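Subject: Structure for you to look at

Hi,

Here is the model I promised to pass on, and please keep in mind that it is a predicted one. Have a look at it first, and then read on for what turned up.

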Amino acid sequence: MQFFCPMQPPTTTAQMHQVSVVNGKPHFYDPPEVAAARAKLLSAICQHMPPAPMDGAVSLLVKWCFPAAGGHRDGEYRTTKPDCDNLQKLLKDVMSQCGFWRDDAQVCREIVEKFWANIPGIYIRVEAL
């Protein structure tokens with residue numbers, strides 16, 4: 001399965017979780033920026049939900065295409081923040097929520113790239129291994 005979600009990819013990552021202590025216990029929560037990024041991804045990704053979650057090992061290829069700006073050309077690698085691994089965490093959480101697989105631990109192979117692009121968005125390919 002493969003698809004492209006045209007959008008300006010969120011630069012807020014799951015690494016921005018917050019923690020507070022309530023009655024002596026840590027309580028983790030998403031600040032408004034992370035909640036907004038999660039909602040944006042959820043809206044785009046769930047349109048491509050599979051009929052049933054994949055079983056077994058999964059390969060995930062993701063190309064993050066950020067709007068070309070500041071003299072960057074289409075297809076040029078983006079070497080600035082956010083880091084690829086931080087972008088992926090929120091995306092995989094959303095894909096789990098949408099039922100692409102039963103658990104993101106099933107993702108055994110992962111290829112992640114980020115580019116400057118004339119057409120911004122996120123290209124995703126998911127395959128059973």
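Strand 1, residues 2–6, has two faces that fare quite differently: Phe-3 and Cys-5 make up the covered one, while Gln-2, Phe-4 and Pro-6 sit on the uncovered one. That fits a general pattern, since side chains in a regular strand alternate between the two faces of the sheet. Strand 1 pairs with strand 6 in the antiparallel sense, over five bridges. If you want a spot to find that pairing on screen, go to Phe-3, whose bridge partner in strand 6 is Ile-124.

Next, strand 4. Eight of its ten residues are buried, so strand 4 is largely enclosed by the rest of the structure. Its link to strand 5 consists of ten bridges, and these two strands run parallel. One pair to look for is Ser-59, which stands opposite Arg-109 in strand 5.

Strand 5 also holds Trp-116. Is Trp-116 buried or exposed? With a relative accessible area of 10%, Trp-116 counts as buried, because the cut-off for that is under 20%. Beyond its neighbours within four places in sequence, Trp-116 has a long list of contacts, including Phe-66, Pro-67, His-72, Arg-73, Tyr-77 and Thr-80. Gly-75 is another of these contacts; it is 41 residues away from Trp-116 along the chain, yet their C-alpha atoms are separated by 5.7 Å.

On the way from strand 4 to helix 2 there is a loop that contains Pro-82. The peptide bond joining Lys-81 and Pro-82 is cis, with omega at about 5 degrees. As background, most peptide bonds are trans.

Helix 2 covers residues 84–97, which is 14 residues, and spans 20 Å from its first C-alpha to its last, close to the 20 Å expected at 1.5 Å a residue. Its buried residues are Asn-86, Leu-87, Gln-88, Leu-90, Leu-91, Lys-92, Val-94 and Met-95. What covers them? The cover includes helix 1 (32–45), strand 4 (58–67), strand 5 (107–117) and strand 6 (121–128).

Just after helix 2, Gly-99 has a positive phi of about 85 degrees. Most residues other than glycine have a negative phi. The loop between helix 2 and strand 5 also contains Cys-98, which is buried with a relative accessible area of 2%. Leaving aside neighbours within four places in sequence, Cys-98 touches Leu-42, Ile-45, Cys-46 and Met-49. Leu-42 is 56 residues from Cys-98 along the chain, and the two C-alpha atoms are 7.5 Å apart.

Finally, the empty space. How many cavities of 30 Å³ or more does the structure hold? There is one, and the largest cavity contains about 30 Å³ of space. Its lining is made up of Pro-10, Thr-12, Thr-13, Leu-41, Trp-64, Asn-86, Leu-87 and Leu-90. Helix 2 gives the largest share of that lining, with three residues. Sorted by class, the lining has five nonpolar residues, three polar ones and no charged ones.

That is the tour; happy looking!

Best wishes

Technical notes: Residues numbered from 1 in each chain as written. Predicted model: local features only at pLDDT ≥ 70, side-chain atom pairs only at ≥ 80, totals over all residues. Heavy atoms only, no water. Helix = DSSP H or I, 4+ residues; strand = E, 2+ residues; numbered from the N terminus. Expected span 1.5 Å × (residues − 1). Buried < 20%, exposed > 50% of the residue type's maximum accessible area, 1.4 Å probe, protein only. Contact = heavy atoms within 4.5 Å. 1 Å grid on protein atoms, 1.4 Å probe; cavity = no way out; pocket = protein on both sides within 12 Å on 5 of 7 lines; lining within 4 Å. Points joined across faces, edges and corners; volume = space filled by probe spheres on them. Nonpolar A, V, L, I, M, F, W, Y, C, P; charged D, E, K, R; others polar. Pairing = 2+ DSSP bridges.
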